[in-house]
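Me: Could you give me a close look at one part of this model, the sheets and the space around them? I'd like it as one connected walk-through, starting from how the strands pair.

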Amino acid sequence: MQNIKTRKITEDVTLITTLDKSTKKFEEIWEISSGINYNAYLVKDKNSYMLIDSTKNKFSEEFIETIRNIVKDNELKYIAVLHTEPDHSGTIRKLKEKFPKSKIISTRTASSFLKSMFSIETEVVKDGEEIKIDEKEVKVIELPWIHWPDTMMLFLKDERILFSSDAFGAFGARELVFDDEVKFEEYLKDVKSYFASVVSKYRQMILKDLEKINQLLDNVSVVAPAHGLVLKSRIKEIIRNYESWSKLESKKKITILYGSMYGITEEFVSEIKRYLEEKVNEVKVCNVAREELGSILSEVMDSYGIIIISPTYEGNLFPPMSYVLDLLSIKKLGNGKIVCAVATKLWGGVAPKQIQEKLSECGFSLLDKVYEFSNYPTKENLNLFLETVKKLVDIGK
Ligand code: FEO
């Protein structure tokens with residue numbers, strides 16, 4: 001099966017993208033029902049080439065064959081590793097074996113990672129340094145913590161292309177190449193989900209990095225990320241969204257996170273949703289056991305209010321809810337957001353206490369208390385909980 005596609009994005013720069021439709025979970029955490037692309041780029045100069053990033057180890061053979069067919073008898077002078085996560089560096093050792101004269105370039109941190117991961121040596125490059133392929137110049141921009149500590153971007157000066165590593169990427173395996181080939185609003189959901197899942201943790205560092213990118217921006221005509229589409233017409237829009245997401249800016253939006261083993265808690269959720277829809281601009285409802293985790297996190301990211309409605313499972317918090325709250329805690333996505341919560345039960349347990357502890361770890365502010373109702377909540381239960389939900393609505397006004 002052919003997994004790798006190539007397409008010129010300018011006369012001398014070729015996108016070599018791996019369409020991975022077989023991986024079900026990115027990083028074995030994030031469901032990716034529509035797959036993902038791993039983008040590498042080959043820059044041609046007079047007599048030699050620079051390769052920027054590569055692909056996962058399992059696609060090595062096809063990837064190396066593709067590179068050989070393009071490079072032919074010319075020299076592959078540089079292999080740039082923008083960061084070392086193995087979705088982009090997995091073939092690096094085999095590449096070095098096939099192209100022994102090529103120099104691998106990376107940041108100092110990436111260099112130490114590559115040594116420990118693959119026992120290979122690299123030439124360390126530094127922020128601001130300019131590398132000549134033959135005549136073309138590539139400038140190094142170190143931007144640590146998008147989303148690993150070892151990250152750099154490269155700026156191809158003549159063609160004004162910024163190779164942005166994981167920044168500004170998206171989930172989804174696509175054969176299309178440019179941002180003007182898709183319905184952008186739909187595509188933005190995949191960018192946002194990718195940001196929430198993969199990039200969001202180090203938001204303060206990203207804001208600093210964006211300042212650096214903004215200084216360059218007037219000179220950039222193309223942004224070429226390591227996942228998703230190549231950006232030409234929507235660069236500023238994506239960057240504006242990155243700024244907003246990094247600041248955890250919220251809309252007048254409430255997201256309900258719920259679980260329901262037999263559909264009973266779901267009926268209670270429907271009542272809350274009906275109440276909110278008349279009072280709030282946007283209400284999202286996420287079943288934590290069924291929806292993609294990236295999508296759940298991205299809904300939380302721009303909501304000011306969250307409502308948690310969870311069953312008790314064998315005396316404990318429903319495990320899928322527990323897992324979602326753990327991920328929100330790792331990504332620090334609770335800061336500044338307000339929560340109403342209820343646990344349903346038949347014979348009791350510690351779910352309310354567990355919710356309260358996890359909300360605190362996530363940085364959420366709890367309104368009133370975590371309610372505990374029978375798993376067949378009564379009209380009185382509903383009215384009691386709606387009093388707290390009403391406070392949440394009023395805060396958003
Ligand atoms: Fe796409 Fe951080 O790897």
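Reply: First, a term we'll need: two strands count as paired if DSSP finds at least two bridges between them. Keep in mind too that this is a predicted model.

Start with strand 12 (residues 152-156) and strand 13 (residues 161-163), which are antiparallel and joined over 3 bridges. To see the register, pick Leu-156: across from this residue, in strand 13, is Ile-161. Helix 6 (residues 203-216) packs on the sheet here, with contacts to strand 11 (137-142), strand 12 and strand 13. The direction of helix 6 makes about 155 degrees with that of strand 11.

Now zoom out to the sheet itself. It's an open one of 5 strands, ordered 10-11-12-13-14, with mixed pairing. Strand 10 (130-132) and strand 14 (222-224) are its edges, each with a partner on one side only. On average, neighbouring strands of this sheet are turned by 25 degrees against each other, direction ignored.

There's an oddity on the way from strand 11 to strand 12. The loop between those two strands holds His-147, and the peptide bond leading into His-147 from Ile-146 is cis, with omega near -10 degrees. For context, most peptide bonds are trans.

Next, the other sheet. This one is also described as open, with 7 strands in the order 1-2-5-6-7-8-9 and mixed pairing. Its edge strands are strand 1 (4-8) and strand 9 (123-124), and each of them pairs on one side only. Within this sheet, strand 5 (residues 36-44) and strand 6 (residues 48-52) run antiparallel, joined by 4 bridges. A handy pair to click on is Val-43 and its bridge partner in strand 6, Met-50.

At the strand 9 end, look for helix 4 (residues 108-118), which lies across strand 8 (103-106) and strand 9 and runs at about 125 degrees to strand 8. The loop between helix 4 and strand 9 contains Ser-119. This residue has a positive phi of about 55 degrees, though it isn't a glycine.

So much for the strands; now the space around them. Searching the whole structure for cavities of 30 Å³ or more turns up 1, and it holds about 30 Å³. Its lining brings in familiar stretches: Asn-39 and Tyr-41 fall within strand 5 and Ile-52 within strand 6, while Phe-163 belongs to strand 13. Also in the lining are Asp-53, Leu-82, Ser-164, Ser-165, Ala-224, Pro-225 and Ala-226. By class, the lining has 7 nonpolar, 3 polar and 1 charged residue.

Finally, where does this part sit in the chain? The domain assignment gives domain 1 as 4-246 and domain 2 as 254-395, with C-alpha centres 38 Å apart. The contact between them takes 15 residues from domain 1 and 16 from domain 2. Both domains give at least three residues each to the lining of the largest pocket, whose volume is about 560 Å³. Of its 26 lining residues, those nearest the centre are Leu-188, Lys-189, Lys-192, Ser-298 and Glu-299. Helix 5 (184-199) is among the elements giving two or more residues to that lining, and with 7 residues it has the largest share. The class split there is 4 nonpolar, 8 polar and 14 charged residues.

Definitions and conventions:
Residues are numbered from 1 along each chain as its sequence is written. This is a predicted model: local features need pLDDT of at least 70, side-chain atom pairs count only at pLDDT 80 or more; totals for chains, interfaces and linings use all residues. Side-chain values use heavy atoms; hydrogens and water are left out. On a 1 Å grid over the protein atoms alone, a cavity is a set of points where a 1.4 Å probe fits but cannot get out, and a pocket is an open set with protein on both sides within 12 Å along at least five of seven lines; lining residues have an atom within 4 Å of a point. Grid points are joined across faces, edges and corners, and a volume is the space filled by probe spheres set on the points. Ala, Val, Leu, Ile, Met, Phe, Trp, Tyr, Cys and Pro count as nonpolar, Asp, Glu, Lys and Arg as charged, and the others, Gly among them, as polar. Axes are lines fitted to C-alpha atoms, for helices over the stretch in contact, and angles run from 0 to 180 degrees between N-to-C directions. Contact means heavy atoms within 4.5 Å. Domain bounds come from an automatic or database domain assignment.
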